[in-house]
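User: I'd like to learn how to read a domain interface and a buried helix. Could you walk me through an example?

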Amino acid sequence: MNHSAEPEHDEHSRTGLNADTLRRAIIDHLRYSIGRPASVLTPAHYYRALALAVRDRMQQRWIASMQTYLDLSRKVAVYLSAEFLMGPQLGNNLLNLQIEQQARDALSALGQDIDEVLACEEEPGLGNGGLGRLAACYLDSLATLDRPAIGYGIRYEYGIFDQEIRDGWQVEKTDNWLDNGNPWEIGKPDLNFIVGWGGHTEQYLDEHGNFRARWVPQRFLKGIPYDTPIQGYGVNTCNTLTLWSARAVQSFELDAFNAGDYYKAVEDEVSSETVTKVLYPNDEPEAGKRLRLLQQHFFVSCSLQRVLHILEDVAERPVNELAEQFALQLNDTHPSIGVAELMRLLVDERGLGWDEAWQITVAAFGYTNHTLLPEALETWPLGLFAESLPRHLEIIYEINRRFLDEVRAHFPGDEARVRRMSLIGEDGGKSVRMAHLATVGSHAINGVAALHSELLKESVLKDFYELWPQRFSNKTNGVTPRRFLALANPGLRELLDDAIGESWVADLDRLRELEPYAEDSSFRTQWREVKRLNKARLAEYVLATTGVDLDPSWMFDIQVKRIHEYKRQHLNVLHIVTLYHRLKQNPELRIAPRAFIFGGKAAPGYFMAKRIIKLINAVAEAVNNDPHVSQFIKVAFLPNFNVKSAHLIYPAADLSEQISTAGKEASGTGNMKFMLNGALTIGTLDGANVEIREEAGPENFFLFGLTVEEVQRLVHEGYRPEDFVELNDELRAVLDLIAGGHFSGGDPSVFAPIVEALRAHDPFLVLADYSSYIECQQRVSVAWHDVSAWTRMSILNTARSGKFSSDRAIAEYCEEIWGVRPVTVQV
């Protein structure tokens with residue numbers, strides 16, 4: 001192709017937004033950044049060239065945003081998170097810059113199809129699920145709302161594993177997301193920071209005669225920042241995501257090399273780079289625990305050092321203004337070591353007195369709790385912590401001493417409360433309680449759904465709430481409508497634009513204007529056609545990845561999320577086996593045709609979760625290969641669920657399975673993405689389901705199962721799952737079918753662990769909720785037959801999903817916790 005003849009242009013090739021300028025920019029990057037002759041170019045090369053061209057356009061806004069924040073001394077939100085599950089960036093950035101059509105035209109002029117080019121992007125798997133995706137949504141909203149912000153995390157060389165399914169079992173493969181580079185990031189090795197580890201502490205008197213301590217680390221790491229621009233939708237604001245990569249302070253020992261010890265020559269480099277190699281190393285062995293603690297300390301220390309560098313060296317403000325200039329948010333307990341690290345940086349490195357440093361620290365930090373599961377509240381064995389971070393442990397001891405004095409003053413004589421609230425746990429060996437550290441060191445603590453926040457105050461953080469009720473609030477999670485509706489569901493986006501205008505993309509409450517259209521038969525027909533096309537698109541993907549052929553006219557019943565017993569994918573399976581059993585027992589039975597679609601990864605060391613995946617696939621094989629049963633139900637497990645495949649899944653769902661045990665899910669965000677795209681929810685009163693039902697209306701939500709209070713009462717009275725089996729012949733038959741080897745080639749041992757756990761313990765009350773769930777699914781089937789009524793409910797779910805925008809959530813954080821105001825950026 002001849003790229004030489006070019007007309008005159010007014011727009012600059014680095015910043016212009018029209019199609020022809022983009023075309024020139026792509027050609028420039030193909031020549032000068034990628035350096036390949038036209039004859040060997042592939043869509044992957046065009047992807048990289050377009051990504052670089054788009055980044056150029058963001059660069060201008062990025063630098064202007066940073067300079068504006070400095071010039072105006074505006075407060076900046078700092079979001080500290082061990083996960084950022086960003087998803088593919090090119091499509092999102094084209095959307096936010098509002099140049100999708102221009103990019104399509106530019107590529108078309110070069111003989112390229114934009115969808116084929118977009119498909120070349122490798123997704124960075126820098127998160128395990130909802131936590132990392134929430135962080136990504138929040139960065140999108142912060143930029144869209146013109147709020148100054150920086151996200152800080154870890155640049156894992158290998159992200160969460162790629163999941164393959166072999167013979168029904170999950171197999172983990174390395175996620176080599178950086179193999180072909182990352183065009184969105186800019187490494188800044190000149191802005192590195194040094195992080196200590198191990199060693200010992202020393203006490204001394206400073207020049208004023210004050211007692212001081214210094215840390216003498218055993219080893220040092222160097223943190224290199226990689227900055228990625230985060231462009232807001234329809235605005236000039238472009239914020240920053242900084243991910244830290246670990247390097248050796250001195251990467252090559254020449255003396256060792258010259259002496260022939262080639263391993264020793266690079267030993268420190270290899271050891272240091274291991275720190276940011278992989279997301280969530282297996283922390284069962286002590287070496288894994290040590291590495292995970294090091295990861296957390298490393299990225300938090302680098303981040304706090306950079307914040308202080310910006311404050312003191314760039315903005316030239318005194319350190320005592322830290323809390324006025326920066327709001328530091330802990331996204332769950334992973335970054336909570338930051339409380340001790342900031343105290344070290346203020347007291348040891350800058351010579352502040354303890355009281356002043358503590359006042360600054362508490363005023364700067366906020367803490368978001370994401371779990372009610374006690375086992376998920378991070379703790380570290382005291383010996384491991386002392387060996388790894390000796391100075392931080394001393395600081396934690398001093399924080400704890402002063403804090404427990406406050407507890408005793410408020411609750412005299414209540415030593416049981418003192419033990420419960422201590423930062424040092426005594427049960428089962430001494431440990432450092434990181435959730436307690438985060439709570440004590442933050443001026444604001446929030447849950448992530450109304451129910452979750454109330455349960456926090458009643459259970460895991462009850463004592464702290466009784467001490468500091470004013471610190472606690474709720475901030476219900478949200479999702480970005482840009483990615484999960486405008487980008488993922490272009491057909492629905494076009495229909496919404498035609499009906500209510502385009503402003504809903506940045507003001508999701510505008511979707512309420514859809515409500516009258518639910519009564520418009522013509523609009524309902526258009527709505528169903530959009531859904532049908534989305535289901536056909538997903539069916540093609542399912543066929544290509546699993547070989548299962550799905551009919552888009554069937555109900556698509558979908559459960560995609562991390563595989564965990566409390567999320568109860570096995571309850572879903574029990575429903576499928578119930579239908580299978582009914583159809584086998586009664587060949588004359590007719591039921592609403594339904595495709596059950598699963599997706600999600602199990603932690604590599606989670607025995608039961610991996611067995612549940614095997615069970616899903618084994619049931620799928622039996623169902624799909626049965627000539628009679630497969631006329632009514634089919635089952636597919638989509639491997640390697642991620643943000644990219646989510647773009648296909650959420651828009652295609654008719655029914656969203658949100659069936660966790662009441663009181664176990666903090667919030668959930670998949671439930672919101674399904675609702676946004678018009679899926680109806682079947683769920684318990686758990687997490688954000690409660691608020692989804694309130695917003696959608698009880699008549700547009702399929703409710704089943706025990707409430708939190710009923711769960712607590714049943715457990716307190718002594719839950720015996722076998723009682724529920726004895727009372728339900730169908731449940732017994734279904735469990736016997738699984739236990740007897742019907743789905744495992746006659747080998748009962750394969751699924752015996754699942755059935756035995758359910759019948760003997762059932763910690764998440766699957767069997768207690770089975771009957772209610774099956775009855776509710778029958779109501780779903782009846783409702784599905786009334787096409788107009790189902791479509792009306794679907795429209796109303798979307799129309800009433802405005803509350804669940806991450807824009808609303810972030811506005812609440814900014815206004816009620818952080819004090820971060822909008823700043824208009826001029827370009």
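User: How many residue pairs are in polar contact across the interface of domain 2 and domain 3?

Analyst: Happy to help! Keep in mind that this is a predicted model. The rule finds 2 residue pairs in polar contact across that interface, both at pLDDT 80 or more. On the side of domain 2 that touches domain 3, there are 7 nonpolar residues, 3 polar ones and no charged residues. As for salt bridges between domain 2 and domain 3, the count is 0.

User: Where do these domains lie along the chain?

Analyst: Domain 1 covers 13–246, domain 2 covers 289–475 and domain 3 covers 532–799. The centres of domain 2 and domain 3, taken over C-alpha atoms, are 38 Å apart.

User: How many residues are in contact, and what area do domain 2 and domain 3 bury?

Analyst: Contact involves 10 residues of domain 2 and 13 residues of domain 3. Together the two domains bury about 810 Å², with 70% of that on carbon and sulfur atoms.

User: Now the helix. Which residues of H20 are buried?

Analyst: First, the general idea: an α-helix has 3.6 residues a turn, so residues three or four places apart point the same way. In H20, which spans residues 490–500, the buried residues are Leu492, Arg493, Leu495, Leu496, Asp497, Ala499 and Ile500.

User: What covers the buried residues of H20?

Analyst: The cover includes helices H3 (90–97), H4 (100–109), H19 (481–487), H21 (521–546) and H25 (670–676).

User: And which residue follows H20?

Analyst: Gly501 does, and its phi is positive, near 90°.

Definitions and conventions
Residues numbered from 1 in each chain as written. Predicted model: local features only at pLDDT ≥ 70, side-chain atom pairs only at ≥ 80, totals over all residues. Heavy atoms only, no water. Domains from an automatic or database assignment. Contact = heavy atoms within 4.5 Å. Buried area = accessible area lost by both parts, 1.4 Å probe. Salt bridge = Lys/Arg side-chain N within 4 Å of Asp/Glu carboxyl O. Polar contact = N/O pair within 3.5 Å; in protein donor to acceptor, adjacent residues only side chain to side chain. Nonpolar A, V, L, I, M, F, W, Y, C, P; charged D, E, K, R; others polar. Buried < 20%, exposed > 50% of the residue type's maximum accessible area, 1.4 Å probe, protein only. Helix = DSSP H or I, 4+ residues; strand = E, 2+ residues; numbered from the N terminus.
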